[in-house]
Amino acid sequence: MDLDSQESGGAHRELPAGGKATPHPRLRLHRAFTSIYLPDARSVIVYVPPGYDDEPERTYPVLYMHDGQNLFDPRTSFIAGRTWQMREQTDAAIDAGEVEPLIIVGIYNTGDRRLAEYTHERDWERGGGEADNYGLLLTRELMPWIEQRYRVRTGRDATGLGGSSLGGLVTLFLGLSQAQHFGRLAALSPSVWWNHKSILGYVNEHAPQLWERPRLWLDVGDREGARTLRDAEHLARRLKANGWRTGETLHFERVHGGTHDEASWAARVRPMLRFLFPGKDRSAPCSKAHL
């Protein structure tokens with residue numbers, strides 16, 4: 001039976017773990033998360049690592065991911081049956097000792113309003129520009145709500161944010177504008193092109209204000225198009241010019257054969273997690289080719 005609750009920031013209807021709601025018992029689905037900052041309700045799917053229920057005193061770092069319906073469940077993904085395989089990839093990395101056990105929160109996008117929520121500036125032709133409000137939903141509503149229900153560590157160093165394409169763009173923006181909340185960022189195939197590449201200027205403007213650079217994974221497939229590849233390389237150079245250090249706070253990778261789709265992003269999950277949330281085994285290389 002569904003559990004209904006009314007709280008600050010909106011109403012949220014929860015479903016029990018496992019069963020028909022999710023494809024695995026360690027994936028917990030929460031439906032209809034509403035916000036005072038944005039009009040549309042959205043589902044949230046939460047991955048908990050192996051052993052989570054057996055160690056009630058243990059706390060975990062947390063990674064918030066955009067486009068949550070594409071991460072775990074083949075029934076909800078943008079292209080049916082094709083996901084990031086994020087549970088399988090994360091389980092394998094944890095089991096191998098490559099990655100610290102962590103909680104992953106997948107935030108579903110809202111379909112037609114995805115572009116608006118994932119862009120930081122309004123484009124005169126395409127619209128958009130609601131990423132500030134999306135960031136308020138995350139930091140003032142969703143994150144406290146997750147912290148009440150899951151044993152996540154709080155604080156910047158234990159909190160990550162990630163996504164691909166426009167999800168990578170909004171990760172970069174919020175990683176700078178909300179730097180006090182996010183110490184680990186994953187921008188896969190980011191849409192640097194948005195609004196005449198305005199994110200590059202945003203990096204120049206806001207990076208000098210940061211007291212500490214967040215740890216940042218940036219990648220792009222070499223089969224995503226020449227413009228996308230050039231844009232990502234330009235962004236990597238801009239980040240290094242603004243204080244990110246390769247191998248320490250920045251990992252940039254040109255993925256050989258990488259394309260702009262869930263199957264390619266799935267192959268990048270494990271090395272991305274190794275860089276952002278390294279476990280006991282830190283000897284495995286993060287990449288085969290990087291700038």
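Which residues are buried in H6? In this predicted model, the buried positions of helix H6 are Thr228, Leu229, Asp231, Ala232, Glu233, Leu235, Ala236, Arg238 and Leu239. An α-helix has 3.6 residues a turn, so residues three or four places apart point the same way. The buried residues of H6 pack against two helices, H4 (166-177) and H5 (194-206), and against two strands, E9 (215-221) and E10 (250-255).

The length of helix H6 was compared with expectation. The helix comprises 16 residues (226-241), which at 1.5 Å a residue should span 22 Å; the end C-alpha atoms lie 23 Å apart, in agreement with that value. Just after H6, Gly243 adopts a positive phi of about 105°.

One cavity of 30 Å³ or more is present in the structure. The largest cavity encloses about 40 Å³ of space. Its lining is formed by Leu172, Leu176, Leu185, Val203, Leu216, Leu239 and Trp244. By class, seven residues of this lining are nonpolar, while none is polar and none is charged. Leu239, one of the lining residues, is also among the buried residues of H6.

Leu176, another residue of the cavity lining, is located in helix H4. With a relative accessible area of 9%, Leu176 is buried, because this value falls under the 20% cut-off. Beyond residues up to four places away in sequence, Leu176 touches Tyr202, Val203, His206, Leu210 and Trp244. Of these contacts, Val203 and Trp244 also line the largest cavity. Leu176 and His206 are separated by 30 residues in sequence, yet their C-alpha atoms are 6.5 Å apart in space.

Technical notes:
Residues are numbered from 1 along each chain as its sequence is written. This is a predicted model: local features need pLDDT of at least 70, side-chain atom pairs count only at pLDDT 80 or more; totals for chains, interfaces and linings use all residues. Side-chain values use heavy atoms; hydrogens and water are left out. Helices (H or I, at least four residues) and strands (E, at least two) are DSSP runs, numbered from the N terminus. The expected span of a helix is 1.5 Å times one less than its number of residues. Buried means under 20% relative accessible area, exposed over 50%, partly exposed in between (1.4 Å probe, protein chains only). Contact means heavy atoms within 4.5 Å. On a 1 Å grid over the protein atoms alone, a cavity is a set of points where a 1.4 Å probe fits but cannot get out, and a pocket is an open set with protein on both sides within 12 Å along at least five of seven lines; lining residues have an atom within 4 Å of a point. Grid points are joined across faces, edges and corners, and a volume is the space filled by probe spheres set on the points. Ala, Val, Leu, Ile, Met, Phe, Trp, Tyr, Cys and Pro count as nonpolar, Asp, Glu, Lys and Arg as charged, and the others, Gly among them, as polar.
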